[in-house]
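Please look through the sequence and the structure shown below before reading on. The report that follows moves from single residues to the sheet, and then to the domains.

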Amino acid sequence: MTKLSITINGQPHGPTDVRDDLSMNDFLREYLGMTGTKFGCGAAQCLSCAIIVDNPDGTSYTSPTCVTSAVSFDGKAIRTVEGHVKNGELSALQKAFIAHFAFQCGYCTAGFLNEGQVLLERLARTPVNRAELEQTVADALDGHLCRCTGYVKYHEAVRDVILADSKRYLVANQ
Ligand code: FES
Ligand code: FES
């Protein structure tokens with residue numbers, strides 16, 4: 001057993017005694033009841049289980065949770081799908097997913113949402129040219145599998161959030 005202390009969606013958790021082989025996915029779903037993070041392939045192939053990890057320098061990245069131990073996140077700050085709503089209001093990305101009917105069964109949605117959010121935050125720091133946008137979105141969402149094949153809708157939703165706030169996410173004067 002190892003003690004795990006972690007910040008999730010801005011809230012500190014722990015220290016909690018967890019088995020060294022407990023996956024982060026099981027910690028979230030079974031220990032904390034946070035079932036928004038899904039379990040798909042269990043083999044780091046579909047990214048339906050992906051969460052956001054926040055670095056101290058303000059950058060962020062996504063990580064699968066199915067094959068990653070909970071204790072490997074000790075001391076870290078993460079965000080899950082439950083953390084996107086602020087003051088009872090859906091994020092711009094969540095609204096866009098709904099507007100585009102981006103999901104069907106919804107099993108992959110949390111992973112796409114987290115990946116899209118990481119992309120938005122990256123572009124806010126480092127904007128890209130308009131001409132690079134389609135490829136940038138495609139590259140960011142690459143690796144996330146949707147068994148309902150809603151790839152185009154997800155792509156369009158993320159792209160439209162960026163275009164709706166182009167001063168923030170795109171290089172000016174393009
Ligand atoms: S469930 Fe984790 S990558 Fe598929
Ligand atoms: S919406 Fe069903 S797996 Fe993507």
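## Ala44 and its loop

Ala44 counts as partly exposed because 15 C-beta neighbours lie inside 10 Å of its own C-beta atom, a number that falls between the limit of 12 or fewer for exposed residues and that of 20 or more for buried ones. This assignment, like everything else in this report, rests on a predicted model. Ala44 belongs to the loop between α1, residues 24-31, and β3, and its phi is near 60°, a positive value in a residue other than glycine.

Most residues other than glycine have a negative phi, and most peptide bonds are trans. Against that background, a few further places in the backbone of this model deserve attention, and they are taken up in the next two sections.

## Phe101 and the cis peptide bond

Phe101, which is placed in the loop between α2 (92-99) and α3, likewise has a positive phi in a residue other than glycine, here near 50°. Is Phe101 buried or exposed? It is exposed, because 10 other C-beta atoms lie within 10 Å of its own, and the limit for an exposed residue is 12 or fewer.

The peptide bond that leads from Gly14 to Pro15 is cis, with an omega near 10°. Pro15 is part of strand β2, so that this bond can be looked for in the sheet described next.

## The five-stranded sheet

Five strands make up an open sheet with mixed pairing, and their order across the sheet is β2-β1-β5-β3-β4. Because β2 (11-18) and β4 (60-63) each have a single partner strand, they stand at the edges, and one side of each is left without a neighbour in the sheet. On average, and with direction ignored, neighbouring strands of this sheet are turned by 35° against each other.

Strands of a sheet pair through backbone hydrogen bonds, either parallel or antiparallel. Both kinds can be followed from β1: with β2 it pairs in the antiparallel sense over six bridges, while two bridges join β1, residues 2-8, to β5, residues 77-79, and these two strands run parallel.

## Partners of strand β1

How many residues lie between β1 and β2 in the hairpin that they form? There are two, and Asn9, which is in the turn, has a positive phi of about 50°. Further along the pairing of these strands, Thr7 stands opposite Pro12 in β2, and Leu4 stands opposite Thr16 in β2.

Thr7 also has a partner on the β5 side, where it stands opposite Ala77, and Ile8 stands opposite Ile78 in β5.

## Helix α3 and Ala110

Helix α3, made of residues 109-125, lies across β3 (51-54) and β4, and it runs at about 160° to β4. Ala110 is found in this helix, and it counts as buried because 23 C-beta neighbours lie inside 10 Å, where 20 or more are required.

When residues up to four places away in sequence are left out, Ala110 touches Gly36, Thr37, Lys38 and Val81. Ala110 and Ala140 are 30 residues apart along the chain, and their C-alpha atoms are separated by 15 Å.

## Two domains and their contact

The protein is divided into domain 1, which covers residues 2-83, and domain 2, which covers residues 92-169. The centres of the two domains, taken over C-alpha atoms, are separated by 22 Å, and the contact takes 15 residues from domain 1 and 13 residues from domain 2.

On the side of domain 1 that touches domain 2, β3 and β4 each supply at least two residues, and the largest share, three residues, comes from β4. By type, the residues on this side of domain 1 divide into eight nonpolar, six polar and one charged.

## A feature from the UniProt record

An unreviewed UniProt entry places the feature "domain: [2Fe-2S]-binding" at residues 80-159. In the model, this span is 54% helix and 0% strand, and its end C-alpha atoms lie 21 Å apart.

Conventions:
Residues are numbered from 1 along each chain as its sequence is written. Chains are lettered from A and ligands numbered from 1 in the order in which they are written. This is a predicted model: local features need pLDDT of at least 70, side-chain atom pairs count only at pLDDT 80 or more; totals for chains, interfaces and linings use all residues. Two strands pair if DSSP finds at least two bridges between them. Helices (H or I, at least four residues) and strands (E, at least two) are DSSP runs, numbered from the N terminus. Axes are lines fitted to C-alpha atoms, for helices over the stretch in contact, and angles run from 0 to 180 degrees between N-to-C directions. Two residues are in contact if their C-beta atoms, placed from the backbone, lie within 7 Å. Domain bounds come from an automatic or database domain assignment. Ala, Val, Leu, Ile, Met, Phe, Trp, Tyr, Cys and Pro count as nonpolar, Asp, Glu, Lys and Arg as charged, and the others, Gly among them, as polar. UniProt positions are given in the numbering used here, feature names are shortened, and annotations may be inferred rather than shown by experiment.
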